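Q: Could you take a close look at one helix in this model and tell me how its shape fits in with what surrounds it? A few words on the pockets elsewhere would be welcome too.

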Amino acid sequence: MVWKLIAVPVIGAIIGYATNWIAVKMLFRPHHEVRLWGIKLPFTPGVIPKGQGRLARAVGKAVEEQLLTKEVLSRVLLSEETKNKVKAAVCDWIKREKHSTLTLEKAAVGLTSEETVEHFLEEGKEQVTEAIAQKITEMNPGKMVADKVLEAAKEKLAESMFGMMLGGSMLEPIAQMVEERLNEYLEDNGKEYIGKIVDAEADKLKEYTVGEVLFMLEEKGIDIPQIVVNVYEKLVNEKLADVMKALNLSGIVEDRINAMEVAEVEELLLSIMKKELRAVVNLGALIGLVLGLMNVAILCL
């Protein structure tokens with residue numbers, strides 16, 4: 001009788017433990033479906049291998065919508081700690097490159113390719129030339145010159161009786177003609193002339209060394225690290241959403257999980273939930289033991 005009283009809760013604990021152990025194993029095993037005489041056996045493959053696609057989608061969605069959201073990344077990327085790290089990195093780079101004898105052109109080629117640098121320079125020169133030409137046109141240099149010529153001519157002619165007789169009636173049409181001709185000349189030839197100057201200055205700039213440029217900027221009181229931080233903040237604020245959309249984090253995670261072997265998925269999940277799953281198995285033993293003790297108590301009544 002005593003042995004029966006001991007055996008009932010022990011057997012209950014063993015059954016509870018074994019049941020939960022099998023249930024946990026069936027989450028992952030078998031990795032592939034099993035067929036017997038051409039008939040697929042139920043519960044094969046295991047729950048997780050069978051639903052690997054759903055798991056991948058769920059994890060990918062959770063990563064994108066809950067873990068790595070724009071707000072979360074912005075908070076991390078724009079924290080004072082991160083910005084200080086960016087500034088410190090720039091300061092370290094400046095210290096290293098301050099005495100560099102590498103020309104800007106060679107430094108740029110080292111970062112990308114000669115073709116890319118040439119293309120960038122050509123585009124840059126074209127844009128600078130266009131911008132300068134547009135600004136000069138907006139200033140209406142023909143009118144500026146004509147006004148100055150008219151003013152000087154009036155002052156000169158005012159000294160003579162002939163000039164006083166002519167007054168402005170004769171000079172103003174001439175000044176108007178000077179304005180029109182000068183503006184016309186600048187419109188036809190200004191961009192070409194400006195382009196030659198820009199080309200010459202660009203060629204000079206290419207030959208400056210990295211160290212010389214850094215020294216000149218420092219002499220002018222330009223805070224390069226702070227400028228880089230400002231640009232960094234602007235990029236994060238304005239472009240982070242586009243970058244995240246282009247990255248498609250949920251798609252990356254989903255594709256990665258789908259590409260994994262079932263054994264790799266099992267190993268990954270077990271590395272995260274091993275303690276919790278073991279607790280579930282042990283809980284089964286505890287529940288079996290409690291139920292066994294309850295049965296013993298009922299038998300003893």
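A: Let's start with helix H11, residues 224-247, where 24 residues separate into a span of only 30 Å between the end C-alpha atoms. A straight helix would reach 34 Å at 1.5 Å a residue, the expected span being 1.5 Å times one less than the number of residues. Helices (H or I, at least four residues) and strands (E, at least two) are DSSP runs, numbered from the N terminus. This is a predicted model, in which local features need pLDDT of at least 70 and side-chain atom pairs count only at pLDDT 80 or more, while totals for chains, interfaces and linings use all residues. Residues are numbered from 1 along each chain as its sequence is written, and side-chain values use heavy atoms, with hydrogens and water left out.

H11 has a kink of about 60°, centred on Lys239; the bend at a residue is the angle between axes fitted to the seven residues ending there and the seven starting there. Just after H11, Asn248 takes a positive phi of about 55°.

Now for the surroundings. The buried residues of H11 are Ile224, Pro225, Val229, Tyr232, Val236, Leu240 and Met244, where buried means under 20% relative accessible area, exposed over 50% and partly exposed in between, with a 1.4 Å probe and protein chains only. An α-helix has 3.6 residues a turn, so residues three or four places apart point the same way. The buried residues of H11 pack against helices H4 (70-77), H5 (80-97), H10 (210-219) and H12 (249-259).

Lys70, in helix H4, gives a closer view of one of these neighbours. Leaving aside neighbours within four places in sequence, Lys70 is in contact with Leu240, Ala241 and Met244, contact meaning heavy atoms within 4.5 Å. Lys70 and Val243 are 173 residues apart in sequence, yet their C-alpha atoms are 9.9 Å apart. Lys70 itself is partly exposed, at a relative accessible area of 33%.

On the H10 side, Thr209 sits in the loop between H9 and H10 and is buried, with a relative accessible area of 14%. Beyond four places in sequence, Thr209 is in contact with Ser100, Thr101, Leu102 and Thr103.

For the wider setting, the protein has 13 helices and two strands, and buried residues make up 24% of its 301 residues. Among contacts with a separation of 6 or more, 76% join residues 24 or more positions apart.

As for the pockets, the largest holds about 590 Å³ of space. Of its 23 lining residues, Leu104, Ala108, Val117, Phe120 and Leu121 are the closest to the centre. On a 1 Å grid over the protein atoms alone, a pocket is an open set of points where a 1.4 Å probe fits, with protein on both sides within 12 Å along at least five of seven lines, and lining residues have an atom within 4 Å of a point. Grid points are joined across faces, edges and corners, and a volume is the space filled by probe spheres set on the points. H7 gives the most to this lining, with nine residues.

The second largest pocket has a volume of about 270 Å³. Its lining has 14 residues, with Ala133, Ile136, Thr137, Leu186 and Glu187 nearest the centre, and H9 gives the most, with seven residues.
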